[in-house]
Amino acid sequence: MVEEEAKSLPMELSEKGGVENNGFVHNEAFDDKEMDTSSQEEMPKPHVDVDPAAMEELLLKPYAGMPKEVLLKFSSQARYRVTREILFWLIIAAAVVLVCTTIAIIALSPKCLDWWQASPMYQIYPRSFKDSNMDGNGDLKGIQEKLDHIIYLNIKTIWITSFYKSPLKDLGYGAEDFYDIDPMFGSMSDFENLLAAIHDRGLKVIMDLIPNHTSDKHRWFQLSRNRTGKYTDYYIWQDCTQAAGSVTPPNNWVSVFGNSSWQFDDVRKQCYFHQFGKEQPDLNFRNLAVQQEIHDIIKFWLGKGIDGFSFSAVKFLLEATHLRDEPQVNKSQNPESITAYSQLYHDYTTMQVGMHDIIRSFRQTMNQFSSEPGRYRFMGSDGDEEEDIEATMMYYGATFIQEADFPFNFNLINMKNLSGNSIFEAVNLWMKNMPAGKWPNWVVGSPNTARISSRIGKEYINVMNMLLLTLPGTPVTYYGEEIGMENIASENVTFPEKSPMQWNGKVNAGFTEGNSSWLPVNSDYQSVNVEIQMTWSNSTLNLYRELTLLRNSELPIHRGWMCSIWNDSNVFVYVRELDGLDRVFMMVLNFGQESTIDLRAIVPNLPSEAIIRLSTNFSNAGKAVNTELIKTETGEGLVLEYKTAKPVHTMEAFQGKCFVAEKACYSSAFNLLYMNC
């Protein structure tokens, strides 16, 4: 009886939780065996009476190493089961909240600006940028040598004008071979090295493509003039008569460069059509095989890795098939005397039905290379329609039909005179006509127009750069404008706006180590060059760099609202602001004579003081100004900063004068942008 009660004790303790045993369970078999080995005789077992109250005192809390049977007893108790369930549902709820928050942030976040929106574009005319082999001509290796200059300017997109193999008629815009590099600029290997170096630095590059015409040295033209196979109709051929050395063209169409746009070919005994020089015959884009050739060219260069194209002269792609004479501007003029392009309305040789379909097909081909994240391929077009802004806006495409990302905007170049009013009109014309949801851009210089300093005066170079880099959209800078280069002051120079880049004060301005350059260097190169302006705190170069830093770092200037505040014959005033952000930037730009303006009388609730964030005169930066008395000199520009709870774009008085391209709102609580303000 004693033996049975003694054996039952460990089992009862085990069932009720047991006594503390350092994680080991009492084993009866082991005890029996141990006793058997010590003595073959049974030892008397004392009788133990277990008091239930005493057992209750022996019960302990859960302990490490509990056996399964004990653990299950504790886990079934309510205080442990409820705790587990609460923790489980809290984890599930937290996961759901996290997922929903992530979805909400993604859904409400505005579209990130793409690379072609986020950075200014720097346009390079390669023959004039940097010569690497001392032959006096800029080249691709020269561009590669100077990539650090682009980075110094805080610019991440380079636009290189045409460098295809060409006889260099019209400066290389009539290609002899779209698949090769002109030897003047280097080799295909040089281009590939340049492309790799550009991408290694985190930069992007776009290049020109002029699909409208080729050089008359192109293989296609040589085959076409001999009526060889499919190439017979690659160009626009028409019968015309030649007698006594003169040609009677099919109609009165005139080329952009003047005189008839028809040229007789002695080999084919027909006239071919050329919108530009006679050495640049127009391709026949009504021939689908020609269109496919251009698509193949696009694919070739995108396959090389370029980031986009600027398509030029696209309005000339198609001509009317009826070949009727174009109407005269002056109907009383003798038709025989018409030789200038401006003397006709070009109703039958530009902007023909079907032209935009061709451009959209280019876009579709480029989209095939845009599927990889971060590798969107940019497409720009010239679209320079001075008299028809609606026609220019058509290059943006439609709501569901993509065309160019933007047509390049030359409004600031095409101004007839300079004033605060004319600047406002040029800006307002683009912004109010631009389709909703599209992105603006601004061009103030190009290889085909006089430089800013020569076109409007060097006293305005800084304020024009300030305008360019604080307007909404993508600014485009022509090489040399960041240091205020001027046209070559010589009547003997054909292309004064294409003078060599002025790098330093050494011979030939550091453009070439050779004895001469293809165009003479401007005589002011010792004071107007990159090297010396890097050391001047108040230089055009340093102001340009500070402006690009401001644009890149401040959200209101990067992608906020733009509201025109005031304009007169002297000044143009506008603000850049962002919903949810109380910090506002106001630009006061003088394009006329000395002016004093009371801005508080114009803008309700404007603070009495503002801080000069940037000025064309660096010594003024950081100063406070009275907004009732803003004074500017000729060519002076101010970027003022102030805080307000009442942004201009919410004021009734300025409705119709405010524009935003990629709308975004700022949340200070979460430090992020969202869409639905």
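## A buried helix and its surroundings

Helix α16 has these buried residues: I461, N462, V463, M464, N465, M466, L467, L468, L469 and T470. That is ten of its ten residues, so the helix is mostly covered. The model described here is predicted.

### The chain as a whole

The chain has 677 residues, and buried residues make up 53% of them. Its secondary structure comes to 19 helices and 26 strands. Take the contacts with a separation of 6 or more: residues 24 or more positions apart account for 68% of them.

### The cores

The largest nonpolar core has 133 residues. Within this core, W301, F309, L412 and L467 touch the most other members. Helix α16, residues 461-470, gives the largest share of the core, with seven residues. A second core stands separate and has 24 residues, including V573, M586, V588 and C658.

L467 is listed among the buried residues of α16. Which residues does L467 contact, beyond its neighbours within four places in sequence? They are L412, I423, F572, Y574, L589 and F591. Of these, L412 is, like L467, one of the core members with the most contacts to other members. I423 is one of the buried residues of helix α14.

### Helix α14

Helix α14 covers residues 420-433. Its 14 residues should span 20 Å at 1.5 Å a residue, and its end C-alpha atoms are 20 Å apart, which agrees. The buried residues of α14 are G420, S422, I423, F424, A426, V427, N428, W430 and M431. At the start of the helix, a side-chain oxygen of S419 comes to within 3.3 Å of the backbone nitrogen of N421.

### Helix α9 and its cover

Helix α9 runs over residues 188-200 and has 13 residues. From first C-alpha to last, α9 reaches 18 Å, close to the 18 Å expected at 1.5 Å a residue. Buried in α9 are M188, D190, F191, L194, L195, A197 and I198. An α-helix has 3.6 residues a turn, so residues three or four places apart point the same way.

What covers the buried residues of α9? The cover includes the helices α7 (140-145), α8 (147-152) and α11. It also includes the strands β2 (157-160), β4 (177-181) and β5 (204-209). After α9 comes G202, with a positive phi near 75°.

### Where α9 meets α11

Two packed helices are described by the angle between their axes and the distance between the axes. The axes of α9 and α11 come within 10 Å and cross at roughly 55°. An angle from 35 to 65 degrees is neither roughly parallel nor roughly perpendicular, so α9 and α11 are oblique to each other. On the α9 side, M188, F191, E192 and L195 make the contact. On the α11 side, F300, W301 and K304 do so. W301 is also among the residues that touch the most other members of the largest core.

K304 lies in helix α11, residues 288-304. Is K304 buried or exposed? K304 is partly exposed, because its relative accessible area is 27%, and the partly exposed class lies between 20% and 50%. Leaving out residues up to four places away in sequence, K304 touches M188, F191, E192 and L195. E192 sits 112 residues from K304 along the chain, yet their C-alpha atoms are separated by 7.6 Å. The two side chains make a polar contact at 2.5 Å.

### Two positive phi values in loops

M351 and A509 both have positive phi values. M351 is not a glycine, and A509 is likewise a residue other than glycine.

| Residue | Phi | Loop | Relative accessibility |
|---|---|---|---|
| M351 | about 55° | between β11 (308-311) and α12 (355-367) | 24% |
| A509 | near 60° | between β15 (474-478) and α17 (530-533) | 0% |

Buried means under 20% relative accessible area. M351 therefore counts as partly exposed at 24%, while A509 counts as buried at 0%.

### A residue in strand β12

S381 is found in strand β12, residues 378-381. S381 is buried, because its relative accessible area is 0%. Which residues does S381 contact, apart from its neighbours within four places in sequence? The contacts are F311, V314, Y395, A404, F406, P407 and F408.

Methods:
Residues numbered from 1 in each chain as written. Predicted model: local features only at pLDDT ≥ 70, side-chain atom pairs only at ≥ 80, totals over all residues. Heavy atoms only, no water. Helix = DSSP H or I, 4+ residues; strand = E, 2+ residues; numbered from the N terminus. Buried < 20%, exposed > 50% of the residue type's maximum accessible area, 1.4 Å probe, protein only. Contact = heavy atoms within 4.5 Å. Polar contact = N/O pair within 3.5 Å; in protein donor to acceptor, adjacent residues only side chain to side chain. Core = buried A, V, L, I, M, F, W, Y, C linked by side-chain atoms within 4.5 Å. Expected span 1.5 Å × (residues − 1). Axes fitted to C-alpha atoms, helices over the stretch in contact; angles between N-to-C directions. Parallel < 35°, antiparallel > 145°, perpendicular 65-115°, else oblique.
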